[in-house]
Amino acid sequence: MPDKWEYPWFASWDLAFHCIALAHVDPAFAKDQLLLICREWFQHPNGALPAYEWDFGDVNPPVQAFAALEVFAIDGGRDLDFLSRVFDKLLVNFTWWVNREDADGSNLFEGGFLGLDNIGPLDRSHLPVGGVLEQSDATGWMAGYALAMTTIAAVLDRTGHRPARDLVHKFLEHFAEIRTAMSAQGMWDESDGLFYDRISVPGGGVVPVRVHSMVGIIPLLAVAVIDEQQLERSVAPGKQFARFLHREGARDAEDLAKTGVLRGDPGQRRLLLGAVGVEQLLRLFDRLFDPGEFLSPYGLRSLSAFHRDHPYTIEIEGVTAGVDYEPAESTTAMFGGNSNWRGPIWFPLNYLAAEALDRYHRFFGDDLRVEYPTGSGVHQTLDTVADDLRARLVSIFLTGLDGRRPCFGGVDTLQRDPNWNGNLVFNEYFHGDNAAGLGAAHQTGWTGIVADIIRRRHGMVPPLGEVLRSLTEQQP
């Protein structure tokens, strides 16, 4: 991490977001960093990527493929050699996830810690009860990983850089199996309208962990929009992806259109590939955009404010644990007292949520308007929602009408003293209600993506989808 004084170590998923910010300044360095974590002196021969240097064997969210695509696009979509090189190493890492983090082959993934300190009532790396924790977030991350790898393979193939159509099919099939598993194996709670982790206990029982947190939201981040031509190439007879579409009630393009996941004029239609169904998506939006749950004035909370008045307790095998909404520093010693996913605003997931909203808007266009904020009676298109979410994040650092910057909280020296009030730092996370900066004071990497957010809001960074479409349209 850039702060060599307070936090002289790396974390692999932090690094992925560092590189998105760095790509605006030095894209070559950003690409080298993404490749570095995949080099033979970091990546295990079995394909695992190290989480951080005091525990190489722990697991971080697999966001490297997403970051590689973003860095590739920020750099103008030119360096196909970089994309091909990182793809080869991530292919091995993806296989490690499938072989090592899906214990029973159910296509529901474990993963453990996954960087989400304190977000649940139990230590997810060292489960204090028997059984296996099948994780909504790990499964959502893997669905997104499969889609990102599909995208990279499609770019390499359609630009003629290297044959990769078989790998497009491979990752679409992985996505199809994960999507089906999430739907068929009880990870979605219809009554609550959220995805939940579930503990498969010895003897065959299943105990859901009913916490309203980003664990239940991450599956909606796994979304891609593909054009009709790519769809025709991908639906090969006998392939799992074709069978997945059939299970969705679609045997041809007309059937797909009737299900609502294929839109547009014939020949120019687009298919929505999402880990969640359209009805589930709309219900998740109700939760996500509710000020009484995830939506704060400054972005999305990591844990719902619902738990402010409704603390959650789980009892299993004689173990009792709980979680409640803590918008500042955590009061539990799990992972350290200031290691907090129990309410604050974190930039990485907010960034990914805004990106996903852009992709959903590309599919739905102005035909879909959602109530935003939930309960306001105001209905907005998803691109407007994404822009407002980005504006909330940027406002954390801006001087408000009261002359104060939310990020400086109640520290008057920082707010008023001219020697300090212009010196912004990039905190690890921010208070879930008032956006005061918390955690590591100079964790510049992933909070530094505010620079990317600002540039995107002013039209200085083309969306990833636009770069990729332009790139492939140039090919014969």
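This note walks through the nonpolar cores, one buried phenylalanine, the cysteines and the largest pocket of a predicted model.

1. **The main core.** Start with the largest nonpolar core, which holds 134 residues. Five residues have the most contacts inside this core: Phe 17, Leu 220, Phe 285, Phe 347 and Tyr 360. Helix α5, residues 136-158, gives the most to the core, with 14 residues.

2. **A second core.** Another core lies apart from the largest one. This other core has 15 residues. Among them are Leu 122, Leu 133, Ala 321 and Tyr 325. As background, nonpolar side chains tend to be buried together in soluble globular proteins.

3. **Around Tyr 360.** What does Tyr 360 contact, once neighbours within four places in sequence are set aside? The list is Leu 220, Val 223, Leu 272, Val 276, Leu 281, Phe 285, Gly 365 and Leu 382. Two names on it, Leu 220 and Phe 285, also appear with Tyr 360 among the residues with the most contacts inside the largest core.

4. **Phe 171.** This residue sits in helix α6, residues 165-184. Is Phe 171 buried or exposed? Its relative accessible area is 0%, under the 20% cut-off, so Phe 171 counts as buried. Leaving out residues up to four places away in sequence, Phe 171 touches Phe 87, Leu 91, Phe 94, Ala 146, Met 149 and Thr 150. Take Ala 146: Phe 171 and Ala 146 are 25 residues apart in sequence, yet their C-alpha atoms are 5.2 Å apart in space.

5. **Cysteines.** How many disulfides does a search of the whole structure find? The search finds zero. For reference, a disulfide is a covalent bond between the sulfur atoms of two cysteines. Cys 19 has 0% relative accessibility and counts as buried. Cys 407, at 5% relative accessibility, counts as buried too.

6. **The largest pocket.** The space in the largest pocket comes to about 1,100 Å³. Its lining has 48 residues. Closest to the pocket centre are Val 223, Arg 359, Leu 464, Gly 465 and Leu 468. Val 223 is also a contact of Tyr 360.

7. **What builds the lining.** Two or more lining residues come from each of α3 (64-74), α5, β6 (223-227), α7 (228-234), α12 (347-364), α13 (382-395), α16 (450-457) and α17 (464-473). Which element gives the largest share? That is α5, with eleven residues. Helix α5 is also the one that gives the most to the largest core. By class, the lining has 25 nonpolar, nine polar and 14 charged residues.

Notes. Residues are numbered from 1 along each chain as its sequence is written. This is a predicted model: local features need pLDDT of at least 70, side-chain atom pairs count only at pLDDT 80 or more; totals for chains, interfaces and linings use all residues. Side-chain values use heavy atoms; hydrogens and water are left out. A nonpolar core is a set of buried Ala, Val, Leu, Ile, Met, Phe, Trp, Tyr and Cys residues joined through side-chain atoms within 4.5 Å. Buried means under 20% relative accessible area, exposed over 50%, partly exposed in between (1.4 Å probe, protein chains only). Helices (H or I, at least four residues) and strands (E, at least two) are DSSP runs, numbered from the N terminus. Contact means heavy atoms within 4.5 Å. A disulfide is a pair of cysteine sulfur atoms within 2.5 Å. On a 1 Å grid over the protein atoms alone, a cavity is a set of points where a 1.4 Å probe fits but cannot get out, and a pocket is an open set with protein on both sides within 12 Å along at least five of seven lines; lining residues have an atom within 4 Å of a point. Grid points are joined across faces, edges and corners, and a volume is the space filled by probe spheres set on the points. Ala, Val, Leu, Ile, Met, Phe, Trp, Tyr, Cys and Pro count as nonpolar, Asp, Glu, Lys and Arg as charged, and the others, Gly among them, as polar.
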